[in-house]
Amino acid sequence: MEKNLVIRALKANAKSFSLSCKKISYVPKSIARLTCILTLQLNNNCLSSLPLELKSLHQLTELHLGNNAFEELPVVLKHLNSLRKLYLFRNKITTLPSEVLDGLPNLVLLNLNHNKIRVIPPAIKSLVCLETISVTDNQLQELPAELGSLRKLTEINFTNNKLTRVPQQLCNLSKLTELYLARNNLTELPEGVLGWTSLRVLDIAGNNLSMFPVDFQQLPLEELLCEGNEFVQCELLESKQEREVLSLKEHAARIVLKEDMNKFSVVARSLPLYPELAHMLSHRGKCALCFQPFLTTWLECVQFINLKKDMGMKKNLTVPVRALLCSYSCFNKRGHSFYGLVKLHTE
Ligand SMILES: [Zn+2]
């Protein structure tokens with residue numbers, strides 16, 4: 001019966017072909033003759049493999065394999081280099097072989113929701129055109145730093161996994177508009193979120209965050225979902241009035257960093273000649289109050305940001321945002337809204 005459908009499609013010179021909901025457990029090899037089709041729908045069946053003959057469909061841009069019984073990415077996919085959209089949700093996939101990912105350089109959308117994937121391999125970096133990745137309801141424990149090199153990503157959805165951290169490199173994704181990380185085990189978001197210059201929607205509900213990272217209030221967010229976390233409350237211990245004793249390294253670093261702020265200074269002009277030093281100093285922070293730089297010593301503080309008043313969102317909710325101060329003398333100044341969290345932090 002499926003064969004008749006193939007012949008009919010051939011005669012009609014069809015651009016798309018569907019064998020959805022046919023209860024089939026194998027794909028007829030005659031499909032390989034449909035070399036002109038752009039879309040192939042094989043979803044809602046009992047498939048666990050695809051015939052290698054499928055590689056003759058070099059024009060295929062959209063492949064629907066959702067609701068089947070695949071346990072791994074079918075190997076033939078590595079030959080379908082024109083593929084732009086790949087749907088593989090509700091299967092039993094556990095791993096993503098690098099050789100298959102390497103063959104999909106034009107993929108724009110990847111949907112792997114409801115599978116059993118534990119690891120996204122570094123080879124994900126081969127998907128250089130990827131704009132949307134969705135791997136909800138899987139077993140992900142960690143994300144590869146390489147995700148941060150996929151600069152076209154606009155939407156990431158890793159809802160309902162077991163992630164404990166987000167790699168700092170994800171902050172490089174300046175086109176990212178929607179980031180869904182709800183129901184994971186995150187205790188913090190990476191520092192450097194100012195890189196998310198396009199982020200409109202962030203969902204981190206149901207994690208273990210105690211606060212948001214530095215400069216969070218400057219994100220252009222329109223929607224933030226954050227219920228079900230363990231945010232620090234307003235009643236904080238008052239920090240003891242102490243005077244910090246800075247190490248010689250920190251003292252020297254602060255002098256150099258301050259000079260470096262003036263791009264015409266000798267320091268700013270000569271630093272590029274010392275790449276190791278420049279790299280070490282690149283981990284600098286900036287006092288939230290006096291804006292002076294520091295390197296390894298600061299005061300951990302928190303400020304409470306109102307989403308409506310301070311960020312222009314609809315929700316009238318106050319959340320804690322991490323803030324770092326350079327010294328007790330800044331902290332003890334009157335009139336600021338930073339709350340001390342713990343004692344002086346030294347790396
Ligand atoms: Zn300061």
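This report walks through the domains, the two largest pockets and three residues of a predicted model.

First, the ground rules. Since the model is predicted, local features need pLDDT of at least 70 and side-chain atom pairs count only at pLDDT 80 or more, while totals for chains, interfaces and linings use all residues. Numbering runs from 1 along each chain as its sequence is written, and side-chain values use heavy atoms, with hydrogens and water left out.

**Domains**

The chain is assigned domain 1 (2-225) and domain 2 (248-346), with bounds from an automatic or database domain assignment. Their centres, taken over C-alpha atoms, are 38 Å apart. The contact takes 15 residues from domain 1 and 13 residues from domain 2, where contact means heavy atoms within 4.5 Å.

**Pockets**

Rolling a probe the size of a water molecule over the atoms shows where empty space is left. Here a pocket is an open set of points on a 1 Å grid over the protein atoms alone, where a 1.4 Å probe fits and protein lies on both sides within 12 Å along at least five of seven lines; lining residues have an atom within 4 Å of a point. Grid points are joined across faces, edges and corners, and the volume is the space filled by probe spheres set on the points.

The largest pocket holds about 630 Å³ of space. Of its 25 lining residues, E191, V214, G285, K286 and L324 are the closest to its centre. Elements giving two or more residues to this lining are β11 (285-286), β13 (297-306) and β14 (318-325), and β14 supplies the largest share, three residues. Strands are DSSP runs of E, at least two residues, and helices are runs of H or I, at least four, numbered from the N terminus. Where does the largest pocket lie relative to domain 1 and domain 2? Both domains give residues to the lining, so the pocket lies between them.

The second largest pocket has about 320 Å³ of space. Its lining counts 15 residues, with E188, L189, P190, E191 and R322 nearest the centre.

Here is how the linings split by class; Ala, Val, Leu, Ile, Met, Phe, Trp, Tyr, Cys and Pro count as nonpolar, Asp, Glu, Lys and Arg as charged, and the others, Gly among them, as polar.

| Pocket | Nonpolar | Polar | Charged |
|---|---|---|---|
| Largest | 12 residues | seven residues | six residues |
| Second largest | six residues | four residues | five residues |

**Three residues**

Now for R254 in helix α3. Is R254 buried or exposed? Its relative accessibility is 14%, so R254 counts as buried (buried is under 20% relative accessible area, exposed over 50%, partly exposed in between, with a 1.4 Å probe and protein chains only). The R254 side chain has a polar atom 2.8 Å from the backbone oxygen of T297, and it reaches the backbone oxygen of C326 at 3.0 Å. Leaving out residues up to four places away in sequence, R254 touches L246, P293, F294, T297 and C326.

I255 is also found in helix α3 (residues 248-260), but I255 counts as exposed because its relative accessibility is 55%. I255 and V267 sit 12 residues apart in sequence and 10.0 Å apart in space, C-alpha to C-alpha.

N115 is in the loop between β5 (109-111) and β6 (132-134). At 5% relative accessibility, this loop residue N115 is counted as buried. A polar atom of the N115 side chain lies 3.2 Å from the backbone nitrogen of N91, and one lies 3.3 Å from the backbone nitrogen of K92. Beyond four places in sequence, the residues N115 touches include L88, F89, R90, I93, D137 and N138.

Notes
Polar contact = N/O pair within 3.5 Å; in protein donor to acceptor, adjacent residues only side chain to side chain.
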